[in-house]
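The exercises below invite you to read a protein model step by step. Please look at the sequence and the structure first, and then work through each task before turning to its solution.

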Amino acid sequence: MKCKQKLGHLLFFILLSFSLLLTGCWGRKEINDLAIVLATGLDYKNEKVQLTAQIFVPRKGGGTESVGSTGGSPSGLTMIHKAEGSTIAEALNRLQRKVSREMFWGHCEVIVFNEEASKQGLREYIDFFLRYPEFREHAYVFSSKARAEEILALLDPLERSSAESLREMANLGLGAKVTLLELVRSIDGPSKTALLSRLLISPLEIGQENLATTPFFKGISLFKEGKYVRTVEEPLSGGVLLLSNELNNFIIPISIKSSKGVIAIRLDKATVSIQPHIKNQKWSVKMLVNAKGDVVLNTTNVDLADQKAISEVRQAWSDRLKEYAEQAIVFSQNEFKADLFKTSVQFRRYYPKQWQAQKNNWEKIYTEMDITVVNKVVITHTGKSTEPQGEGKTN
């Protein structure tokens with residue numbers, strides 16, 4: 001009996017000693033003590049960096065308050081705060097002083113750079129975002145003609161916030177889908193170039209309240225050595241996105257020789273593989289474009305069930321894609337004078353010795369080398385009908 005009591009006392013003290021090693025939740029942070037940031041934006045004015053944060057408002061998010069009070073938009077779930085500083089770190093410090101809760105950046109899924117801020121260079125901002133422990137490496141990054149604070153202040157009628165709207169549009173492939181980590185790799189890579197989707201603000205519709213509109217993509221912003229250089233729009237932007245493996249959900253109208261009218265094809269998926277070559281000290285690249293698409297419009301009198309007709313349509317679409325690609329190549333070599341399509345990465349991979357010897361001359365090599373485009377296209381669907389519709393056929 002005494003042995004059992006001693007054994008019980010021993011087990012009790014052992015368990016008690018283990019409990020002393022438990023840390024518990026002494027460092028916990030209650031959600032009620034946090035200001036959750038959904039998006040952030042960078043502007044530059046009067047030699048000052050302005051940091052804007054779009055913050056979730058929980059008291060409206062969990063209650064039964066009618067969304068009608070915000071003009072029919074649940075975007076009233078957010079608010080914005082901003083602060084200026086000589087550096088982004090100083091701006092963040094001042095921004096925190098304006099918010100009653102500790103700012104939490106772990107849910108920040110969108111970063112918007114105003115073009116004026118980007119002209120000063122992205123390195124300071126990128127270094128801060130990657131060094132600060134809470135920022136997401138996979139946050140989507142965009143460029144904006146308007147001030148970033150204006151983009152984040154929009155009250156999207158469809159989504160909970162403009163941040164969610166931008167995230168959804170990026171996932172749809174409506175523009176360049178670039179994360180913070182991918183942006184860093186592009187800028188620090190051998191080509192030292194990058195591209196971002198460019199944002200504009202949709203005009204207000206009749207009857208809409210102030211700010212009750214959405215951002216939208218138009219064109220792409222091009223960066224060289226970490227600084228914004230210029231913007232390109234369609235059709236040139238289509239070719240740049242195509243060769244950058246970023247072109248999706250893109251409708252291209254084409255015409256064929258055998259019939260009047262237009263056939264529109266929606267690009268469903270396009271992938272580009274780069275084949276570098278060095279022969280007799282001459283550098284060259286072959287770009288293999290594989291594209292799949294669906295016919296979404298046919299105003300010709302062509303029956304798409306006819307194999308000869310569909311071959312003609314496929315060739316016309318291939319020619320148009322090749323035209324887009326070749327225009328983008330000419331632009332990158334003659335005007336932009338930089339490797340937008342990361343061909344340098346492939347040379348470094350397949351010809352490491354030659355690359356190491358010539359990497360300091362890469363800009364000259366790139367602007368002078370031959371780049372050819374080879375297409376392989378497939379039309380996967382012609383729609384629910386193969387014959388032209390709405391012609392009023394007679395029996």
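**Exercise 1: The whole protein**

The protein exposes about 21800 Å², and carbon and sulfur atoms supply 52% of that area. The model is a predicted one, and this should be kept in mind throughout.

Task: Describe how many helices and strands the protein has, what share of its residues counts as buried, and how far apart in sequence its contacting residues lie.

Solution. Begin with the secondary structure, which consists of 13 helices and 13 strands. Next take burial: the protein has 395 residues, of which 46% count as buried. Finally turn to the contacts between residues at least 6 apart in sequence, where 72% join residues that are at least 24 apart.

**Exercise 2: Salt bridges between loops**

Task: Find the partner with which Arg-136 forms a salt bridge, and explain which parts of the chain the pair ties together.

Solution. A search of the whole structure finds 18 salt bridges. In one of them Arg-136 is joined to Glu-109, with the closest N and O atoms 3.1 Å apart. Arg-136 belongs to the loop between α5 (123–131) and β6 (140–144), while Glu-109 sits in the loop between β4 (102–104) and β5 (110–114), so the pair ties together parts that are 27 residues apart in sequence. As for accessibility, Arg-136 is partly exposed at 32%, and Glu-109 is partly exposed as well, with a relative accessible area of 28%. The last step is to look beyond the pair, since Glu-109 and Arg-136 are linked with Arg-167 and Glu-168 in a network of salt bridges.

**Exercise 3: Salt bridges within helices**

Task: For the salt bridges Lys-119 to Glu-116 and Arg-320 to Glu-323, state the distance and work out how the partners are placed along their helix.

Solution. Take Lys-119 and Glu-116 to begin with: their closest N and O atoms are 3.8 Å apart. Both residues are in helix α4 (residues 115–119), and because they are 3 residues apart there, about one helical turn separates them. Lys-119 is partly exposed, with a relative accessible area of 41%, and Glu-116 is partly exposed with 36%.

Then consider Arg-320 and Glu-323, whose side chains meet in a salt bridge of 3.8 Å from N to O. Their helix is α10 (residues 307–336), in which they are 3 residues apart and therefore separated by about one helical turn. Arg-320 has a relative accessible area of 25% and is partly exposed, while Glu-323 counts as partly exposed at 38%.

**Exercise 4: Backbone details in loops**

Task: Locate Asn-46, Asn-245 and Pro-235, and say what is notable about the backbone at each place.

Solution. Asn-46 is in the loop between β1 (34–45) and β2 (48–56), and although it is not a glycine, its phi is positive, at about 55°. With a relative accessibility of 67%, Asn-46 counts as exposed. Asn-245, which is not a glycine either, has a positive phi of about 60°, and its place is the loop between α9 and β10 (250–256). Here the residue is partly exposed, as Asn-245 has a relative accessible area of 37%. Pro-235 lies in the loop between β9 (227–232) and α9 (236–243), and the peptide bond leading to it from Glu-234 is cis, with omega near 0°.

**Exercise 5: Buried places and a charged patch**

Task: Is Thr-52 buried or exposed, which residues of helix α8 are buried, and which residues form a positive surface patch?

Solution. Thr-52 is found in strand β2, and its relative accessibility is 0%, so Thr-52 counts as buried, the cut-off being under 20%. Leaving aside residues up to four places away in sequence, Thr-52 touches several others, including Ala-39, Ile-80, His-81 and Leu-152. In helix α8 (residues 180–188), the buried residues are Leu-180, Leu-181, Leu-183, Val-184, Ser-186 and Ile-187, and the buried residues of α8 pack against β5, α5, β6 and β7 (193–201).

For the patch, the answer is Lys-192, Arg-348, Arg-349 and Lys-359. Lys-359 is placed in the loop between α12 (352–358) and α13 (362–368), and it is partly exposed, with a relative accessible area of 38%.

Terms used: Residues are numbered from 1 along each chain as its sequence is written. This is a predicted model: local features need pLDDT of at least 70, side-chain atom pairs count only at pLDDT 80 or more; totals for chains, interfaces and linings use all residues. Side-chain values use heavy atoms; hydrogens and water are left out. Patches are made of residues with over 30% relative accessible area and no salt bridge: like charges are joined within 9 Å, nonpolar side chains (Val, Leu, Ile, Met, Phe, Trp, Tyr) within 5 Å. Accessible areas come from the Shrake-Rupley method with a 1.4 Å probe; for residues, only the protein chains shown count as cover. A salt bridge is a side-chain nitrogen of Lys or Arg within 4 Å of a carboxyl oxygen of Asp or Glu. Lys and Arg count as positive and Asp and Glu as negative; His and the chain ends are not counted. The place of a charge is taken as NZ of Lys, CZ of Arg, CG of Asp or CD of Glu. Helices (H or I, at least four residues) and strands (E, at least two) are DSSP runs, numbered from the N terminus. Buried means under 20% relative accessible area, exposed over 50%, partly exposed in between (1.4 Å probe, protein chains only). Contact means heavy atoms within 4.5 Å.
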